[in-house]
Amino acid sequence: VYGFKWAAIHYDVLYGQLPFQVAYEGDKAWSPDHADTLPAFVDLAQRHQVAFQIVIMPMNYEPVGFRDWLAVQSRQYGIPVLDCSRLLPNSQFTDDGNHFLPQGHHLLAEEVAHWLQILWNSPNGKTPLWSECRDRF
């Protein structure tokens, strides 16, 4: 998740600001600059027989092109994705497009738990590769 977020918003949460154009509540340019990261995670998970799923965190902006790119990757590698990017309204975010209020964390946890329960309880592991968080607002 860290690598995808960094690639999507060009902000390194461990090392600070990297150059990017601020456009909260709008669009941000996104490109798969580190496109080899996802196949590496898939390979690592398969070699160690670890389930690998992706959750797109709530955002207060639109990462242009990210969902389309990830949908293709999800199909190509068979990775289940839960898209929660639109789970929260703008009023639930704090100082930027990434940090949200405690209620948002609670809602996100409920959504992820619900989704994982569906994945784990599905017969033969047959579930849609792309799911979206339920509409809460």
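Helices here are DSSP runs of H or I at least four residues long, numbered from the N terminus. Helix α4, which spans residues 102-121 and contains Glu111, is one of them. The tour returns to Glu111 after an overview of the chain. The model is predicted.

**Whole chain**

Start with everything selected. The protein has four helices and seven strands, and along the sequence they follow the pattern α-β-β-β-α-β-β-α-β-α-β. Of the 137 residues, 37% are buried. Among contacts with a separation of 6 or more, 70% are between residues 24 or more positions apart.

**Colour by confidence**

Colour the chain by pLDDT next. The mean for the protein is 78, with 70% of the residues at 70 or more. Confidence peaks in β6, at 95, and is lowest in strand β2 (residues 16-17), where the mean is 50. Now select residues 17-26: pLDDT stays under 50 throughout this stretch, although the model has 23 contacts for it beyond four places in sequence. Where pLDDT is low, the predicted coordinates should not be read in detail.

**The three-stranded sheet**

Select β4, β6 and β7. These three strands form an open sheet in the order β4-β6-β7, with parallel pairing. β4 (54-56) and β7 (130-132) are the edge strands, each pairing on one side only. From one strand to the next the twist averages 20°. Keep β6 and β7 on screen: three bridges join these parallel strands. Val81 is placed opposite Trp130 in β7.

**Leu82**

Move to Leu82, in strand β6 (residues 81-83). Is Leu82 buried or exposed? Its relative accessibility is 2%, so Leu82 counts as buried, the cut-off being under 20%. Show its surroundings: beyond four places in sequence, Leu82 touches Ile54, Val55, Ile56, Glu111, Val112, Trp115, Ser131, Glu132 and Cys133. For a distance check, pick the C-alpha atoms of Leu82 and Leu116; they are separated by 9.5 Å, and the two residues are 34 apart along the chain.

**Glu111**

From Leu82, step across to Glu111 in helix α4. Glu111 has a relative accessible area of 2% and is therefore buried. Which residues is Glu111 in contact with, leaving aside neighbours within four places in sequence? They are Leu82, Cys84, Leu87, Cys133, Arg134 and Arg136.

**Helices α2 and α3**

Hide the sheet and select helix α2 (residues 37-47) together with helix α3 (residues 66-77). Their axes lie 11 Å apart and the helices pack at an angle of about 30°. That angle makes α2 roughly parallel to α3, because angles under 35 degrees count as such. The crossing of α2 past α3 is right-handed. To see the side chains involved, display Leu38, Pro39 and Val42 in α2, which meet Trp69, Leu70, Gln73 and Tyr77 in α3.

**Gln49**

Finish at Gln49, in the loop between α2 and β4. What is the sign of phi at Gln49? Phi is positive, about 50°, although Gln49 is not a glycine. Most residues other than glycine have a negative phi. With a relative accessible area of 77%, Gln49 is exposed, whereas Leu82 and Glu111 are buried.

Key. Residues are numbered from 1 along each chain as its sequence is written. This is a predicted model: local features need pLDDT of at least 70, side-chain atom pairs count only at pLDDT 80 or more; totals for chains, interfaces and linings use all residues. Side-chain values use heavy atoms; hydrogens and water are left out. Helices (H or I, at least four residues) and strands (E, at least two) are DSSP runs, numbered from the N terminus. Buried means under 20% relative accessible area, exposed over 50%, partly exposed in between (1.4 Å probe, protein chains only). Contact means heavy atoms within 4.5 Å. Two strands pair if DSSP finds at least two bridges between them. Axes are lines fitted to C-alpha atoms, for helices over the stretch in contact, and angles run from 0 to 180 degrees between N-to-C directions. pLDDT is the predictor's confidence in each residue, from 0 to 100. Angles under 35 degrees count as roughly parallel, over 145 as roughly antiparallel, 65 to 115 as roughly perpendicular and the rest as oblique. A crossing is left-handed if the near helix is turned anticlockwise from the far one by less than a right angle, and right-handed if clockwise.
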